[in-house]
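This report reads through one protein model, moving from its pocket to its helices, strands and loops. Please keep the sequence and the structure in view while reading.

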Amino acid sequence: MADLVREIVVEASPTTIFELLTDPVKHLEWLGTEADLDPVPGGIYRVLVGGVHPSVGEFIEVVPDRRVVFTFGWDEPGHPIPSGSTTVEFTLTPEGDKTRVRLVHSGLPPDAVSDHTGGWDHYLGRLDTVA
């Protein structure tokens, strides 16, 4: 299995970024067309991506304004990355009036890293724009 790591610096506070990661309505501003989020350990993470692809997992760790970790996978028959089979970790580090957002998506099959890198680069760009 492989890890994907991305970092961006966003002109927003950790509180703003945290809300975009955990509030279902705000989450849709940058990722997904439907979202069912219960950001507590064991709570559901379910986001419909592009109106077509259901991603499903559960929250593992939620530390306000600092860290969000959830399992992740695709709820599609036969998909090589099934629901909850990988882990996505967001770490928020204040840098003055900005926030460094570090994403680690771990447990990916090596042949899926490229596709997911393109996807996360796209959505992290949207996160930056929305924030």
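## The largest pocket

Which residues lie nearest the centre of the largest pocket, and how many residues line it? In this predicted model, the lining consists of 13 residues, and those nearest the centre are Val-49, Phe-72, Trp-74, Gly-119 and Tyr-123. The volume of the largest pocket is about 200 Å³.

At least two lining residues come from each of strand 3, strand 4 (53-63) and helix 3. Helix 3 supplies the largest share of the lining, with five residues.

## Helix 3 and its buried face

Helix 3 covers residues 113-130, and at 1.5 Å a residue its 18 residues should span 26 Å, which agrees with the 25 Å between its end C-alpha atoms. The buried residues of helix 3 are Val-113, His-116, Thr-117, Trp-120, Tyr-123, Leu-124 and Leu-127. Viewed down the helix axis, these buried residues of helix 3 fall within an arc of 145°, so they line one face of the helix. An α-helix has 3.6 residues a turn, so residues three or four places apart point the same way. On the face turned away from the buried side, helix 3 carries the exposed residues Ser-114, Asp-115 and Thr-129.

What do the buried residues of helix 3 pack against? Their partners are strand 1 (2-10), helix 1 (14-22), strand 3 (44-49), strand 5 (67-72), strand 6 (86-95) and strand 7 (98-108). Thr-117, which has its place in helix 3, has a relative accessible area of 18% and is therefore buried, the cut-off being under 20%. Leaving aside residues up to four places away in sequence, Thr-117 touches Leu-4 and Arg-6.

## Strand 2 and strand 3

Strand 2 (residues 34-37) and strand 3 run antiparallel and are joined by four bridges. Within this pairing, Asp-36 has Arg-46 in strand 3 as its bridge partner. The two strands, strand 2 and strand 3, form a hairpin with six residues between them, and Gly-42 in the turn has a positive phi of about 90°.

## Strands 5, 6 and 7

Six bridges pair strand 5 with strand 6 in the antiparallel sense, and strand 6 is in turn joined to strand 7 by nine bridges, again in an antiparallel arrangement. Thr-87 can be followed through both pairings, since Thr-71 stands opposite Thr-87 in strand 6, while Thr-87 stands opposite Ser-106 in strand 7. Strand 6 and strand 7 form a hairpin with two residues between them, and in its turn Gly-96 has a positive phi of about 65°.

Arg-102 has its place in strand 7. Is Arg-102 buried or exposed? At 33% relative accessibility, Arg-102 falls between the two and counts as partly exposed. Arg-102 lies 12 residues from Phe-90 in sequence, and their C-alpha atoms are 5.6 Å apart in space. Apart from neighbours within four places in sequence, Arg-102 is in contact with Val-5, Arg-6, Glu-7, Glu-89, Phe-90 and Thr-91. Arg-6 is thus a contact of Arg-102 and also one of the residues that Thr-117 touches.

## Loops beside strand 5

Gly-84 is found in the loop between strand 5 and strand 6, where its relative accessibility of 30% makes it partly exposed. Although Gly-84 and Thr-71 are 13 residues apart in sequence, their C-alpha atoms are 4.7 Å apart in space. Not counting residues up to four places away in sequence, Gly-84 touches Val-56, Gly-57, Thr-71, Phe-72 and Gly-73; among these, Phe-72 also belongs to the residues nearest the centre of the largest pocket.

Asp-65 has its place in the loop between strand 4 and strand 5 and is partly exposed, with a relative accessible area of 27%. What is the phi of Asp-65? The value is near 65°, which is positive in a residue other than glycine. Most residues other than glycine have a negative phi.

## Helix 1 and the loop before strand 5

Glu-19 has its place in helix 1 and is partly exposed, with a relative accessible area of 32%. Along the chain, Glu-19 and Asp-65 are 46 residues apart, and their C-alpha atoms are separated by 8.2 Å.

Technical notes
Residues are numbered from 1 along each chain as its sequence is written. This is a predicted model: local features need pLDDT of at least 70, side-chain atom pairs count only at pLDDT 80 or more; totals for chains, interfaces and linings use all residues. Side-chain values use heavy atoms; hydrogens and water are left out. The expected span of a helix is 1.5 Å times one less than its number of residues. Buried means under 20% relative accessible area, exposed over 50%, partly exposed in between (1.4 Å probe, protein chains only). The arc is that of the directions from the helix axis to the C-beta atoms. Contact means heavy atoms within 4.5 Å. Two strands pair if DSSP finds at least two bridges between them. On a 1 Å grid over the protein atoms alone, a cavity is a set of points where a 1.4 Å probe fits but cannot get out, and a pocket is an open set with protein on both sides within 12 Å along at least five of seven lines; lining residues have an atom within 4 Å of a point. Grid points are joined across faces, edges and corners, and a volume is the space filled by probe spheres set on the points.
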